[in-house]
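Trainee: I'd like a close look at the charged side chains and how they pair up. Once that's clear, please work outwards to whatever else is worth a look.

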Amino acid sequence: MAYRVLALDGGGIRGVFTTTILARLEAAVPGFLGRVDLFAGTSTGGIVALGLAAGLAPGDLTRLYLERGGEIFASRFGVLDPAARLVWAAYDNRGLERVLEETFARQGVATLGDLRRRVLIPTFDLDGSARPGRAGGAARAWKPKFFHNFPGPGSDAGERIVDVAMRTSAGPTYFPTHQGYVDGGVIANNPSMAALAQAIHPDTGRQRLEDVCLLSIGTGQRPLRIAGADHDWGILPWAGRLVDLLIDGSMDTARYECQQLLGERFRRVDAVLDQDVDLDDVADAGALAEVAAAVPLEAAADWVRARFR
């Protein structure tokens with residue numbers, strides 16, 4: 001029997017691209033989201049994954065981006081000050097926290113254990129020694145953390161949904177860290193490979209590799225490039241490019257790895273955007289929804305019909 005995984009990329013306000021694609025696929029293949037066994041998501045994709053697992057429809061989440069994006073990305077300085085951004089995050093996270101608290105309270109869920117479905121949410125723990133239960137005397141070391149609600153001794157079922165969502169979406173330079181965690185995009189902005197590992201792990205998903213089918217949804221690829229063949233650069237020239245370079249590179253690595261392991265049981269849906277849309281470009285949210293509405297999905301819908309039965 002197939003084990004169906006849905007993995008959702010990070011990308012800030014570009015999550016509206018993801019939710020629009022999901023709404024179109026659900027319309028083309030009614031009920032497919034109800035057959036997902038594991039929702040995995042990073043950053044904005046983590047918020048979407050948690051929302052879907054709590055029973056929200058893709059359209060509900062699209063409206064959240066379109067109607068409350070400005071509240072989430074409200075500059076803490078009144079007018080966004082480039083000089084201040086050198087020292088502080090561009091936005092405080094109070095607007096995001098308020099939106100999340102209201103959204104999940106309406107669904108009647110508080111912890112990962114309250115969710116109706118299995119989830120996997122990547123984050124990065126900046127100081128593991130500060131976490132309860134860590135063995136005394138161990139050296140300090142930052143590390144990835146993958147929150148999940150599978151049963152067992154390693155379960156995070158007691159964690160608050162809002163806290164997990166805030167941790168995975170604490171984008172460096174955009175938002176402050178949350179409870180010592182930073183955005184999961186620094187390790188797995190495309191969480192497909194992490195989701196596959198969780199699905200086949202003997203203590204959690206317990207699936208055979210040959211039974212896993214994985215649908216991966218992007219947030220629209222930014223048309224970024226560095227022209228030229230030789231770049232003898234130091235810290236300053238690389239500073240504005242390195243984060244995007246590392247995140248985009250790791251995303252495509254996850255796609256390659258899943259494709260090699262799963263073959264026809266893996267499907268990636270994404271599109272290259274005509275213009276660069278940063279994760280806080282709230283004014284472009286409506287345009288992103290229009291781009292996602294025009295992405296050809298016939299082949300993807302056929303794949304979903306065949307694999308998510």
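Mentor: Let's get one term straight before we start: a residue is buried if its relative accessible area is under 20%, exposed if over 50%, and partly exposed in between, using a 1.4 Å probe and protein chains only. Keep in mind that this is a predicted model, so local features need pLDDT of at least 70 and side-chain atom pairs count only at pLDDT 80 or more, while totals for chains, interfaces and linings use all residues. Residues are numbered from 1 along each chain as its sequence is written, and side-chain values use heavy atoms, with hydrogens and water left out.

Now for your charged pairs. Side chains of opposite charge can pair when their charged atoms come close. The test for a salt bridge here is a side-chain nitrogen of Lys or Arg within 4 Å of a carboxyl oxygen of Asp or Glu. By that test the structure holds 16 salt bridges.

Take R268 and D9, whose closest N and O atoms are 2.6 Å apart. This pair ties together distant parts of the chain, 259 residues apart: R268 sits in strand β7 (residues 266-269), and D9 in the loop between β1 (3-8) and α1 (15-28). Those labels come from DSSP runs numbered from the N terminus: helices are H or I with at least four residues, and strands are E with at least two. How buried or exposed are the two partners? D9 is buried, with 0% relative accessible area, while R268 comes out as partly exposed at 21%.

R68 and E71 make a salt bridge of another kind, with N and O coming to 3.0 Å. They are 3 residues apart in helix α3 (residues 58-72), which means about one helical turn separates them. The general rule is handy here: an α-helix has 3.6 residues a turn, so residues three or four places apart point the same way. R68 is buried at 17%, and E71 is partly exposed at 26%.

R167 and E159 pair up too, at 2.9 Å between the closest N and O atoms. R167 is buried, at 7% relative accessibility, and E159 is partly exposed, at 24%. Some bridges also share partners, and in this way R68, E71, R98 and E102 are joined into one network.

There's one more charge to look at. K145 lies over the face of F147, 5.0 Å from the ring centre; the rule is that NZ of Lys or CZ of Arg must be within 6 Å of that centre and within 35 degrees of the ring normal.

That brings us to the rings. Phe, Tyr and Trp rings (for Trp, the six-membered one) count as a pair if their centres lie within 6.5 Å, and the planes are called stacked under 30 degrees, edge-to-face over 60 and tilted for the rest. The whole structure has 7 aromatic pairs. Among them is W303 with F308, which is tilted, at 5.6 Å centre to centre and 50 degrees between the planes. W303 is buried at 7%, and F308 is buried at 1%. Ring pairs also bring in F32, giving a cluster of F32, W303 and F308.

Now two helices. All 10 of the 10 residues of α2 (residues 44-53) are buried, so this helix is largely enclosed by the rest of the structure. Just after α2 comes G55, with a positive phi near 105 degrees.

In α10 (residues 285-294), the buried residues are A285, L288, A289 and A292. They fall within an arc of 100 degrees seen down the axis, so they line one face of the helix; the arc is that of the directions from the helix axis to the C-beta atoms. E290 and A294 are exposed on the other side of α10.

Finally, a backbone detail. Most residues other than glycine have a negative phi. T173, though not a glycine, has a positive phi of about 75 degrees, and Q179, also not a glycine, has one of about 55 degrees. T173 is in the loop between α6 (161-168) and β5 (181-182), and Q179 lies in the loop between α6 and β5 as well. T173 is partly exposed at 46%, and Q179 is partly exposed at 39%.
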